[in-house]
Amino acid sequence: MGFLSFFMNLLFPPKCVFCTRILNRPDDGWCDRCTESLPFTENHGKQDGEIFDFCIAPLYYTDVVRRSIIRYKFHRASHYAPVYAKLLAECIRECDDINYDIISWVPLSAKRERSRGYDQAKLLALAVADELDDVSASTLTKSLNVKAQSELGDKSERSKNISGAYVASDPQIIAGKRILLIDDIITTCATLDECAKVLLAAGADSVVCATLARGR
Ligand SMILES: [Zn+2]
């Protein structure tokens, strides 16, 4: 640890990204208590998609995980990305039947990214690619500003809301590629199915997904 980071750690002691307790080992990102008690999924939290092949997730979207992701998305805790990426990268590494050429993400609209200051799925995807030493690329842009999916009810309502919202950004990057799409959470699959539909229409060979957390 350099002098500056030693000094910064004294001033701003690093906290567990999940329960916010001060960490004994600043580099870990989460605490021993959370290692014991986080709602880890079994079998990589794998669920099949209608359009994408399947989606894996290391955690369930409950309790401390939900509160942590809300801080990450809405309260400027963008420094959580590399910590989340460790969990997500481990889940991807341990999943035997996941095959991909490039890592990409479900983007925010430019307007939402400006107001939030960052795109949380992009930060997560870049950090995961870094962790796995893989290639990442932007493959989609969100053209329409639709209602937040979290404000809507069932899958058909969410599918209708999101339909046509994404466009393929560069077909040359996408054509013939197996794409691993990253997002923070998966609830009804509507968003990831819509993104997969656009990528496959642009010539992607296959789409598989990984999110930090999933619904029960
Ligand atoms: Zn903790």
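T20 sits in the loop that runs between α1 and α2, and in this predicted model the residue is partly exposed, its relative accessible area being 36%. Its phi is near 70°, a positive value in a residue that is not glycine. Most residues other than glycine have a negative phi. R76, in the loop between α3 and α4, likewise has a positive phi, of about 65°, although it is not a glycine. With a relative accessible area of 56%, R76 counts as exposed, because the threshold for that class is over 50%.

**The zinc site**

The loop between α1 and α2 also holds C16, one of the residues that bind the zinc ion. Its protein donors are the SG atoms of C16, C19, C31 and C34, which lie 2.2 to 2.3 Å from the ion. The angles among the four donor atoms run from 104 to 119°, and the site is tetrahedral; this assignment follows because four donors count as tetrahedral if all angles lie between 85 and 135 degrees. Along the chain the donors follow the spacing C-x2-C-x11-C-x2-C. C16 in the loop and C34 in helix α2 are 18 residues apart, so that this pair links distant parts of the chain, and both of these cysteines are buried.

**The pockets**

Two pockets are described here, and the table sets out their volumes and the make-up of their linings.

| Pocket | Volume | Nonpolar lining residues | Polar lining residues | Charged lining residues |
|---|---|---|---|---|
| Largest | about 640 Å³ | 16 | six | nine |
| Second largest | about 400 Å³ | 11 | six | six |

The largest pocket, with a volume of about 640 Å³, is lined by 31 residues, and those closest to its centre are K73, Q149, S150, D184 and I185. At least two lining residues come from each of α3 (63-74), α5 (110-116), α6 (120-132), α7 (155-162), β7 (178-186) and α9 (190-201). Among the contributing elements, strand β7 gives the largest share, which amounts to four residues.

The second largest pocket is lined by 23 residues, and P13, P14, K15, H79 and Y80 lie nearest its centre. Two or more of its lining residues are supplied by α1 (3-11) and by α4.

**Two buried loop residues**

Y118 is found in the loop between α5 and α6. Is Y118 buried or exposed? Its relative accessible area is 8%, and Y118 is therefore buried, since that class takes in values under 20%. Leaving aside neighbours within four places in sequence, Y118 is in contact with R71, Y72, K73, R76, A77, S78, L108, E113 and L123. Among these partners is K73, whose C-alpha atom is separated from that of Y118 by 8.9 Å, although the two residues are 45 residues apart along the chain. K73 also belongs to the residues closest to the centre of the largest pocket, and R76, another partner of Y118, is the exposed residue with the positive phi described above.

I98 has its place in the loop between α4 (81-94) and β4 (102-105), and I98 too is buried, with a relative accessible area of 8%. Which residues does I98 touch, not counting those up to four places away in sequence? The contacts are with F54, I56, I92, L180 and V208. T139 is 41 residues from I98 along the chain, and the C-alpha atoms of the two are separated by 19 Å.

**Two further positions**

Q172 lies in helix α8, which spans residues 171-174, and at 71% relative accessibility Q172 counts as exposed. The C-alpha atoms of Q172 and A202, which are 30 residues apart along the chain, are separated by 8.8 Å.

D154 lies in the loop between β5 (140-142) and α7, where its relative accessible area of 45% makes the residue partly exposed. L192 is 38 residues away from D154 along the chain, and a distance of 15 Å separates their C-alpha atoms.

Technical notes:
Residues numbered from 1 in each chain as written. Predicted model: local features only at pLDDT ≥ 70, side-chain atom pairs only at ≥ 80, totals over all residues. Heavy atoms only, no water. Buried < 20%, exposed > 50% of the residue type's maximum accessible area, 1.4 Å probe, protein only. Contact = heavy atoms within 4.5 Å. 1 Å grid on protein atoms, 1.4 Å probe; cavity = no way out; pocket = protein on both sides within 12 Å on 5 of 7 lines; lining within 4 Å. Points joined across faces, edges and corners; volume = space filled by probe spheres on them. Nonpolar A, V, L, I, M, F, W, Y, C, P; charged D, E, K, R; others polar. Donors = N, O, S within 2.8 Å, 3.2 Å for Na, K, Ca; no water. Tetrahedral: all angles 85-135°; square planar, octahedral: opposite > 155°, others 65-115°.
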